[in-house]
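I open this page to keep a record of what I looked up in the structure, entry by entry.

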Amino acid sequence: MGLKHRWSIESLSDALLKSEKREFEAARAGRIHLGLIFPAPYALGISNLGFQTVHRIAASTPDIGVERFFIPLQTGVPHPPPYYSFESKRPLGDFDVLAFSLSFEGDFHAIAAVLGPLGIPVLAEERRRKRFPLLLAGGAAVGSNPAALSRIFDILVPGEAETVLPDLLKRFLSEGVEAGTAADLPGVWAPAYHSAPNPPRPPHDVASEPAYAHIISEKNVFGGAALFEIMRGCPRACAFCLARVLYYPARPVPTKRLVEWLDQRPETTELGLVAPSLFDHPELISILELLAGRGIRLRNSSVKWEALSDQILGLLAKCGPRALTLAPETGSLRLRADMSKPLSEERFFATLDRIWHHGFESVKLYFMIGLPEETDADLEETAAFIAGIADKTPSGKSLSATFSGFVPKGGTAWQDCSALPATEFKRKFALLRSVLKHSVPRLSARFESPEDIVQQAYLAKVGPELADTLNEEAHAWRRSGRFQNRAWESDF
Ligand code: SF4
C-alpha cells in the first residue's frame, strides 16, 4: 500500500473511531494480544452483537489486550494489505490470537485475503511447523458449516460465545496459547485433536445477561441507535431458515430486563432491538408501550405482517419507523404452505390497508426465488400477488420489492434440496422482471446477483476441501496483491 493510500485508510479509520461512544476503553496491552477480525465493512461489524459480545468478553478478561480489525473499512473503498488495528494501528501479524467473526458464508473468502498477504498459511497443518498466531473463528457461519473451516482454524466455536469464550481465554492465560490446551472445553472444536465439536454447555441465559452494543457508532446500520438483543432464536421453524437451528431454544428477554437496561442508559433516544423475529416476542405490546412512553424511537423496519394489529400499528406509528419491510417470501400459496409460512391473502391485504391507514409512508417486500418445486406458474402467482398489493397502494406511498435466491442451509428442513444454477436464477429473474414491467410498472425492484447466490450455496455446503480453494486464493493474493471479493464486488 502506498503512503498516500495508507494515510487515507488511517484517516477513515480515525473518523470511524471518533464516531463511536464507548462504555469503556478496552485494554490494548496484556499478556495475550487478541486481534478481533470482522471481514466485512465497519457498519456491519459494529452492528453485529456477536462481534460486540466477543469484544466485551475479551476486554473484561484481565491480562487480555484486544483490538479490532474491519476489513474493508467501508464498502467500495479499496483496503489493500498490510492491515493495521482499528485502535492503535498495530500490524495484524503482531497479535497472538487472530479471532475471526464469520457471520455469513460469503466471508469465508476473506480469510484468504487476510492471511495471504501476511504469509500466514491457510492450512493449519502448515502453520504447526512454525510460530504463527493461533487462528480462532466463531459466528453464525461457523455454526452453520464448521466442517468447511476444519482444516484452516486451530479452534472453532460453532455455538454461543458467552458459553465458551471466558473459559477459553482463561485456559490460554493459564496454560498457553495452543489449541491443545483448550481442546477439551465444552463447545470448542480443535480439529487437530477431535473429529467433531465437543458438546456445548446449556444455552446462554439471555434473559439474565442480554447482549447489547457497548460501542455505539453513528455509522451503525441502525442509524446510530443503541442496540439491545431482545430475543435470541425464533419460535417458528420456517423450512429454509437457520435461526431455529443455530439458536435453539427461542429465548425472549423480559420487558422488565429491558427497562433495567434503559434505566442505566437514560440518554437513549433511539433503539434497535435485535432478534431474528422481533414481532414474535411474547411481550411485544409492552415493549412498544415502553418505548412510546419514554419517547424512544425504534429503528427496526422489518415487521411480521401477521402481528400488525391496529394496536401494534398505532404504537409503531408513535415510536417506530415510517417505512416497513414485510417478508411474504412468495406469492404462491402452495409454496408458502410448504415452507411452514402459510399466508391468507385476504388477511395480508387487510393488513396492508391498516398500514396505509396508520400513515406509514412506504412498504418494502421481500421474496425468495428458486424455492424447492417452484414452477413458472408460482412465479406468475407471485407477480400477480405483487400487482394486487400495488393496486391497494395509494398514490404518494412507496412500494418496492427485493428478490433474493433460495440457498439450502445445513440443519434446516430444506437442507437436502438442490441449489439452482446461476442460469436458472437469471431465467427466473428475467421472467419476473418482464411480467412485473407490464403489471406493476411503478414498482422499484431489486434482484440479488445470481452468481452471489450460487456462491453462497456452494459455501453453505462445502466440506473441508474449502481449505484447498482458499489456499490457492491466498497464494494468488500474494502473487498479485489483489483480491476480488465476491460479496461486495470491490477490492479489499
Ligand atoms: S424466517 Fe423469520 S420467522 Fe421464520 S424461522 Fe426464520 S426468523 Fe423465524
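**Helices, ligand and odd backbone spots**

I begin with helix 16, where I found Thr423, Ala430, Ser434, Lys437 and His438 exposed on the other side from its buried residues. I note at the outset that this is a predicted model.

**Entry: helix 16, continued**

I then asked which residues of helix 16 are buried. I listed Phe425, Lys428, Phe429 and Leu432 as the buried residues of helix 16. These four cover an arc of only 95 degrees around the axis, which puts them on the same side of helix 16. I kept in mind that an α-helix has 3.6 residues a turn, so residues three or four places apart point the same way. The buried residues of helix 16 pack against two helices and three strands by my list, namely helix 15 (376-391), helix 17 (450-461), strand 14 (362-369), strand 15 (398-405) and strand 16 (444-447). I also checked the length: the 18 residues of helix 16 (residues 422-439) should span 26 Å at 1.5 Å a residue, and the end C-alpha atoms are 26 Å apart, which agrees.

**Entry: helix 15**

I turned next to helix 15, one of the partners of the buried residues of helix 16. Helix 15 has 16 residues and reaches 23 Å from its first C-alpha to its last, close to the 22 Å expected at 1.5 Å a residue. In helix 15 I found Asp378, Leu379, Thr382, Ala383, Phe385, Ile386 and Ile389 buried. Seen down the axis of helix 15, these buried residues fall within an arc of 155 degrees, so they line one face of the helix. On the other side of helix 15, I recorded Asp376, Ala377 and Asp391 as exposed. The buried residues of helix 15 pack against helix 13 (333-338), helix 14 (345-357), strand 14, strand 15 and helix 16.

**Entry: the ligand shell**

Which residues surround the ligand? I wrote down Cys234, Arg236, Ala237, Cys238, Cys241, Ala243, Arg244, Pro276 and Ser277. Sorted by class, the shell around the ligand comes to six nonpolar, one polar and two charged residues.

**Entry: the largest nonpolar core**

I looked up the largest nonpolar core, which has 140 residues, and found that those with the most contacts inside it are Ile111, Ile155 and Ile230. Helix 4 (residues 108-118) gives the most to this core, with seven residues. I followed Ile230 further and, not counting residues up to four places away in sequence, found that Ile230 touches Val253, Leu258, Leu273, Val274, Ala275, Leu278, His281 and Ile287.

**Entry: Pro200 and Tyr458**

I located Pro200 in the loop between helix 8 (179-182) and strand 7 (215-217). With 17 C-beta neighbours inside 10 Å, Pro200 counts as partly exposed. Leaving aside its neighbours within four places in sequence, Pro200 is in contact with Gly159, Thr163, Pro186 and Gly187. For Thr163 I also noted the distance: its C-alpha atom and that of Pro200 are separated by 7.9 Å, although the two residues are 37 residues apart along the chain.

I placed Tyr458 in helix 17, and with 16 other C-beta atoms within 10 Å, Tyr458 is partly exposed. The C-alpha atoms of Tyr458 and Pro408 are separated by 9.5 Å, and these residues are 50 residues apart along the chain.

**Entry: backbone geometry**

I went through the backbone last, with the reminder that most residues other than glycine have a negative phi, and most peptide bonds are trans.

Where did I find cis peptide bonds? One joins Pro81 and Pro82, with omega of about 5 degrees, and Pro82 lies in the loop between strand 3 (64-70) and strand 4 (97-101). Another joins Tyr248 and Pro249, with omega of about -5 degrees, and Pro249 lies in the loop between helix 9 (243-246) and strand 10 (251-252).

I then noted Asp63, a residue other than glycine whose phi is positive, near 80 degrees. Asp63 sits in the loop between helix 3 (49-59) and strand 3, and counts as partly exposed with 13 C-beta neighbours inside 10 Å. Glu373 also has a positive phi, near 70 degrees, and is found in the loop between strand 14 and helix 15. Is Glu373 buried or exposed? With 10 C-beta neighbours inside 10 Å, Glu373 counts as exposed.

Definitions and conventions: Residues are numbered from 1 along each chain as its sequence is written. This is a predicted model: local features need pLDDT of at least 70, side-chain atom pairs count only at pLDDT 80 or more; totals for chains, interfaces and linings use all residues. A residue is near a molecule or strand if its C-beta atom, placed from the backbone, lies within 6 Å of it. Ala, Val, Leu, Ile, Met, Phe, Trp, Tyr, Cys and Pro count as nonpolar, Asp, Glu, Lys and Arg as charged, and the others, Gly among them, as polar. The expected span of a helix is 1.5 Å times one less than its number of residues. A residue is buried if 20 or more other C-beta atoms lie within 10 Å of its own, exposed if 12 or fewer, and partly exposed in between; C-beta atoms are placed from the backbone. The arc is that of the directions from the helix axis to the C-beta atoms. Two residues are in contact if their C-beta atoms, placed from the backbone, lie within 7 Å. A nonpolar core is a set of buried Ala, Val, Leu, Ile, Met, Phe, Trp, Tyr and Cys residues joined through C-beta atoms within 7 Å.
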